[in-house]
Amino acid sequence: MVANAGITIFKPFVESDIEDYRRIMDINVLGVVNCFKYAAIQLIKQGRGGRIIGACSGAGKRGINNMSLYSASKFAVRGLTQATSLELRSHKITVNSYAPGFILTPMLAHPDDDKFGGHGSVAKMAAKMDPDYEGAQPSVVAELVAYLIKPEAHFVNGQVINIDGGLLFD
């Protein structure tokens, strides 16, 4: 099971309100909690082990400018990944997450992108990223997930794996 849904809000912390907080936490945290929980229940019931994978972010390892609420939600996913991996390993269920950097998805698109350099350029400016940093296509993340679901990945557990072109190092 892959819990991949998520949203972001590019907004200074002091301009954020409770509605922003609730929306981002409901989708990015509560959504992952529910996916992990009900996948774990089903996998335990089946008795054959399995894989649970979550979408974290580099923002779940280091805070990002103008993304405080998003960062908080992704730090929660990181903690949930680690804690549930401990609880579920006796059932031969691994729990991991991936921490993408700048992946060129619709979440990063902005109507003014063409004025500033293309897809994601406004998001880069909001996050105060290097404008020359090139993002990656979603297929890069999909290939990591494809590995994590294989039987050969049974010894990878509780990890939040960076997939960001070298932006962050653990």
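Visitor: Which residues does Ile93 touch, not counting residues up to four places away in sequence?

Guide: This is a predicted model: local features need pLDDT of at least 70, side-chain atom pairs count only at pLDDT 80 or more, and totals for chains, interfaces and linings use all residues. Residues are numbered from 1 along each chain as its sequence is written, and side-chain values use heavy atoms, with hydrogens and water left out. Contact means heavy atoms within 4.5 Å. Beyond that sequence window, Ile93 touches Ala40, Leu43, Ile44, Gly49, Gly50, Ile52, Leu88 and Asn157.

Visitor: Which helix gives the most to the largest nonpolar core?

Guide: A nonpolar core is a set of buried (under 20% relative accessible area, 1.4 Å probe, protein chains only) Ala, Val, Leu, Ile, Met, Phe, Trp, Tyr and Cys residues joined through side-chain atoms within 4.5 Å. The largest has 14 residues, including Ile93 and Leu88. H1 (18-46), H2 (68-88) and strand E3 (93-100) each supply at least two; helices (H or I, at least four residues) and strands (E, at least two) are DSSP runs, numbered from the N terminus. With five residues, the top contributor is H1.

Visitor: Is Thr84 buried or exposed?

Guide: Thr84 sits in helix H2. Leaving aside neighbours within four places in sequence, Thr84 contacts Phe36 and Val95. Because its relative accessibility is 14%, Thr84 counts as buried.

Visitor: Which strands are the edge strands of the open sheet?

Guide: The order is E1-E2-E3-E4, with parallel pairing; two strands pair if DSSP finds at least two bridges between them. E3 and E4 pair over four bridges. Pairing on one side only marks the edge strands, E1 (2-3) and E4 (160-163).

Note on methods
Buried means under 20% relative accessible area, exposed over 50%, partly exposed in between (1.4 Å probe, protein chains only).
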